[in-house]
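Here is a short report on helix packing and sheet order. Please keep the structure open while reading.

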Amino acid sequence: MNNKTKFALVDCNNFYASCERVFEPKLERKPIVVLSNNDGCIIARSNEAKALGIKMGAPFFKVKDLVVKNNVVVKSSNYPLYGDMSSRVMKIIGEYSPVQEVYSIDESFIDLEKLPFNLMSHMQSLRQRVKNWTGIPVCVGVGSTKVLAKLANRIAKKYPRFDGVFDIDELPYERYCKLLQSVEVGDLWGVGRQSAKKLNRIGVHTSYDFYQSDVGVIETLLGVNGKRIHQELYGNSCIPMESIPPTRKQIVSSRSFGCDLKDFDELNQALTNLTRKAVNKLNNHKLSTTTITVFIYTNPHKKDKPCVHLSKTIGMTSAIQDQSQIIPLVSQILRLIYKPGYSFYKGGLVLGNLAKNYQQQDLFSMNQNSPSQIIEHKKSNTIRSVNSKFNESIKYASELGNNKWLPRADFKSNRYTTSWGELLII
Amino acid sequence: MNTANHGGARKGAGRKKNSGRFKEETKVIRVPVSLVNTINPVIEIYKSQVKSDVEVLLANDNPTELSIPIFTSRVQAGFPSPADDHLEDTLDLNTHLIHHKEATFFVKAQGDSMIGAGIQQGDILIVDKSLTAKSGKIVIAVVDGEFTVKRLHKYKGNITLKAENPDFKDIKIGGDDELIIWGVVTSVIHQYE
């Protein structure tokens, strides 16, 4: 397998837990779990927590005994911190190749083809630099295809003797086959749970079974994507780098509330805040929207109470992007769907049918350049820039209230890198 | 109105003749499967020789922003402002104080153990994690899991973290102590209230 294509997958080790450790070094070597929004489920674990048998996605209340007994450190998710650390790590990784695909908050592919370096020492230097500059440990998997690079990353993580960098193309054929035998087919990059089920049904369980299967059978069963993954195991690169993220089609902003909400004003308070977040995203991407969906749910797990799922979508003839236009609309939709007497536990909105700003206006709508429109637009921009400088200080009146809806985050660390008021104190 | 003119194809509608990628008429044929792999390359080669008359230019999706200095003086008929020839970049504290953006963190100082080095309670320290801590530098150190800011002294293999205040003892790092240099302090920001 000595093809000319060469990819690396750089993956942060236990990213959320590692971020927490950078600013709390005494957590080194201690078991850590990070909880989802509203402190519901386990979404990240340090190696020590994994060793205790705490499962990914487990509801927090179910593992609470285990957590208390083993002094596991519990953290609410701190996305401002993780997001900032991620962008630092990704920037550094990007210095090591002209082509980078940021694949998730903690993973990035880079294209190593034709780089005039010793790839192993180039990747070791990447790993060292990310660790020295940010404190985040990463592992690097190298291979002639993206699927192989991802597989190589598992090995780099699992066996310390490779010093965090592993090139799967260097494996002799028999060892490569052995490795494939030890990896379940569902753990291959791109093989989802449904595909794994289908494969299991025809007797394909390990990646080696998959590798040995006839490509025609795979294509019939999983379509062209399955065929690509199959080909990639043979070292034929079929999945190209996607360095430009696709334009967003919709923006979803939703939360489980800190406690069940019955009152319209309380719901409206939550929805106004969520809308403002969604509109900020819309504006940051310079997009505008023509459909708005608002939804509120009661808790389907509470069997003793009546269960409803209320939602409504409206469409508009011309695209809008200002919060002064969108927030009142969301309130109106909420008023239409709201029913008293229920306890709502989750709600949110979807801005859909997104398009780049300033598309053609409806003939009958107010002219984009009419003085009142311009004033509205300027007002929204001003509010936005004030809020980005002064920590969300301008709010909508409908957003103010008892804050009962705010999700629980009982174990949250400081936003050390994004808020002047929450700096690390030494 | 002549009804015979209604219906049917409009003249000139549809794809123009010979406007496909081959620039000539094409024909659908049946090919034995065993020959597909032989014939396809021939077509590919032919295709690559037919020159496209349209060149696709991709716009840069991430244009960088270029800030252009604004001419402050009004353009007047007569004498131009003598300052316009001397336009320079504005001063940006970030570029002055921060050299490795991804490795730079701000922390807040507590206590007065480093008062002699000009670090006062509540000051903001600019910390660069990418720098190697040489002897004599002010560092953010982690000793047994706890943060401290001190001046690093290395001499003949002995490492000492020195306070800059006679009221504080130096921290000698022994064989069992775990010392991690978290970062090097490059500047201190002291704001007068």
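## Helix packing and a sheet across chains

α1(A) and α4(A) are roughly perpendicular to each other, since angles of 65 to 115 degrees count as such. In this predicted model, the two helices pack at an angle of about 95°, with their axes 10 Å apart. Axes are lines fitted to C-alpha atoms over the stretch in contact, and angles run from 0 to 180 degrees between N-to-C directions. Helices (H or I, at least four residues) and strands (E, at least two) are DSSP runs, numbered from the N terminus.

Contact means heavy atoms within 4.5 Å. The residues are listed by helix.

| Helix | Residues | Contact residues |
|---|---|---|
| α1(A) | 15–23 | A:F15, A:Y16, A:C19, A:E20, A:V22, A:F23 |
| α4(A) | 79–94 | A:Y79, A:L81, A:Y82, A:M85, A:S86 |

By class, this contact has nine nonpolar, one polar and one charged residues. Ala, Val, Leu, Ile, Met, Phe, Trp, Tyr, Cys and Pro count as nonpolar, Asp, Glu, Lys and Arg as charged, and the others, Gly among them, as polar.

Nine of the nine residues of α1(A) are buried (under 20% relative accessible area, 1.4 Å probe, protein chains only), so α1(A) is largely enclosed by the rest of the structure.

An open sheet has eight strands with mixed pairing, in the order β14(A)-β1(B)-β2(B)-β7(B)-β3(B)-β4(B)-β5(B)-β6(B). Its edge strands are β14 (424–425) of chain A and β6 (171–173) of chain B. Pairing needs at least two DSSP bridges. β3(B) and β7(B) pair antiparallel over five bridges. There, B:V139 has B:V184 as its bridge partner in β7(B).

Residues are numbered from 1 along each chain as its sequence is written, and chains are lettered from A in the order in which they are written. Local features need pLDDT of at least 70, side-chain atom pairs count only at pLDDT 80 or more, and totals for chains, interfaces and linings use all residues, while side-chain values use heavy atoms, without hydrogens and water.

Terms used: Angles under 35 degrees count as roughly parallel, over 145 as roughly antiparallel, 65 to 115 as roughly perpendicular and the rest as oblique. Buried means under 20% relative accessible area, exposed over 50%, partly exposed in between (1.4 Å probe, protein chains only).
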